[in-house]
Structure formats: structure tokens, C-alpha cells
Amino acid sequence: ILPEKCWNENYLICLNIFGDTSDKAAKYAVSLGYALQITNIMRDVQDDAERNYRYIPLNLMEKYNYSEADLYAKVYNTKFIAMMKELGGLAESYYLKAESYIAQLQNKRLLLASEIMKNTYHSILDEIIRNNYNVLTEKKIKLSKFKKIGIALKTIIKLK
């Protein structure tokens, strides 16, 4: 996993572009950064395993007795599912934190682009869960253009 400082700084830099550099917006950005990164790691497990990359935290793999050899061999079993459930729960907790912070902001529309991204990636996480966390042997989870447009429109309406 990339050092948190690396990817969290990118989200914080975006706040300058969006125009809200308040403390609440910064907490929103950091929480959202974690949620997006974890979701991305979960979605890309198969692609990464095929290249012998591992972004799943080693301590989590050890906790569930799931080895790197298992990962690279694409072993989809109860250990893998339990490990991914924990990662998914962690991502969900960060999505909820981001929601709580944006709810406290005066002008939520400034963060429209990041809210569309949040809702898109949250939908990807929902698909991973619906697929029983099988991101190893099934086709890569992607949202259709129609679904993405729907998410964007719902987000725009919600933030009006």
C-alpha cells in the first residue's frame, strides 16, 4: 500500500482547486482518500495478483492466514472472503466518515466532483460485496456508462 501521506496529500491539494480548505473539508478529503484507496485495492486484486503485486496489508493477510502464494495463485476461499469483508468494512467506515464531514460543510457543491467520485466508488464496493468479494476469479468489476451517468445525476440533484 502506498504511504498514506502520498495519496492523502493529493486529496488535500484538490481542496485548493475546489475552493474549500476548511478543517472539515480536510477531514472529508482524508476520509474519502482512504475509502477510495481501499476500494481501488479491492477492485484490482486480480490484476495486481497477475503482476505479482500485493496491496492488501500483510498484517491483514497474516490475521486470516492467507498467504501471498495464495493470492498469486488466486485462491478464493473463506479466508479470502473474511479478509476482504474486513477491508470492505474499513472502506465503508471511511465512506461514512466522509459523509459525516461533508454534511457539516456550508457549500457542499464545491465538492461535487469528489462526491461523484465517492458515490461511483461506493457503488463499486457495493458490487464487490454483492459478488461475495470474488475479485480473484471473476471478471473485473466495472460500472456501465449508464450507471456512472445515473450516479452523477443523482449526486448533482442531491447537492442542489
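Angles over 145 degrees between helix directions count as roughly antiparallel, a cut-off that will come in handy in the second view below.

**Figure 1. An overview of the predicted model, a protein chain with eight helices and zero strands.**
Let's start with the whole chain before moving in. Read along the sequence, the pattern is α-α-α-α-α-α-α-α. Of the 160 residues, 40% count as buried. Take the contacts between residues at least 6 apart in sequence: 67% of them join residues at least 24 apart.

**Figure 2. Helix 6 packing against helix 7 (residues 112-130).**
How far apart are the axes of helix 6 and helix 7, and at what angle do they pack? The axes are 11 Å apart and the angle is about 155°. With the cut-off given at the top, helix 6 and helix 7 are therefore roughly antiparallel to each other. Their crossing is left-handed. To find the contact on the helix 6 side, look for Gly88, Ala91, Glu92, Tyr95, Ala98, Glu99 and Ile102. Helix 7 answers with Glu115, Lys118, Tyr121, His122 and Leu125. Sorted by class, this contact has six nonpolar, two polar and four charged residues.

**Figure 3. Helix 2 (residues 23-43) meeting helix 7.**
Helix 7 appears again here, this time with helix 2 as its partner. The two pack at an angle of about 35°, and their axes lie 10 Å apart. Helix 2 makes a left-handed crossing as it passes helix 7. From helix 2, the residues to pick out are Tyr28, Leu32, Leu36, Thr39, Asn40, Met42 and Arg43. Across from them, helix 7 supplies Ser114, Glu115, Met117, Lys118, Tyr121, Ile124, Leu125 and Ile128. The contact of helix 2 with helix 7 divides into nine nonpolar, three polar and three charged residues.

**Figure 4. A closer look at arginine 43, a residue of helix 2.**
Is arginine 43 buried or exposed? Arginine 43 has a relative accessible area of 17%, so this charged residue counts as buried. Which residues does arginine 43 touch, leaving aside neighbours within four places in sequence? The contacts are Tyr121, Ile124, Ile128, Lys140 and Ile141. Among them, Tyr121, Ile124 and Ile128 also belong to the helix 7 side of the previous view.

**Figure 5. Two loop residues with positive phi, asparagine 52 and lysine 74.**
Asparagine 52 sits in the loop between helix 3 (45-50) and helix 4 (58-63). Although asparagine 52 is not a glycine, its phi is positive, at about 60°. With 51% relative accessibility, asparagine 52 counts as exposed. Lysine 74 is found in the loop between helix 5 (68-72) and helix 6. Lysine 74 is not a glycine either, yet its phi is positive at about 55°. Here the relative accessible area is 25%, so lysine 74 is partly exposed.

**Figure 6. Confidence along the chain, from helix 1 (residues 4-18) to helix 6 (residues 78-102).**
Where is confidence lowest, and where is it highest? Helix 1 has the lowest mean, 51, while helix 6 has the highest, 96. For the protein chain, the mean pLDDT is 86, with 86% of residues reaching 70 or more. Over residues 1-7, pLDDT stays under 50. For that stretch the model has ten contacts beyond four places in sequence.

Methods:
Residues are numbered from 1 along each chain as its sequence is written. This is a predicted model: local features need pLDDT of at least 70, side-chain atom pairs count only at pLDDT 80 or more; totals for chains, interfaces and linings use all residues. Side-chain values use heavy atoms; hydrogens and water are left out. pLDDT is the predictor's confidence in each residue, from 0 to 100. Helices (H or I, at least four residues) and strands (E, at least two) are DSSP runs, numbered from the N terminus. Contact means heavy atoms within 4.5 Å. Axes are lines fitted to C-alpha atoms, for helices over the stretch in contact, and angles run from 0 to 180 degrees between N-to-C directions. Angles under 35 degrees count as roughly parallel, over 145 as roughly antiparallel, 65 to 115 as roughly perpendicular and the rest as oblique. A crossing is left-handed if the near helix is turned anticlockwise from the far one by less than a right angle, and right-handed if clockwise. Buried means under 20% relative accessible area, exposed over 50%, partly exposed in between (1.4 Å probe, protein chains only).
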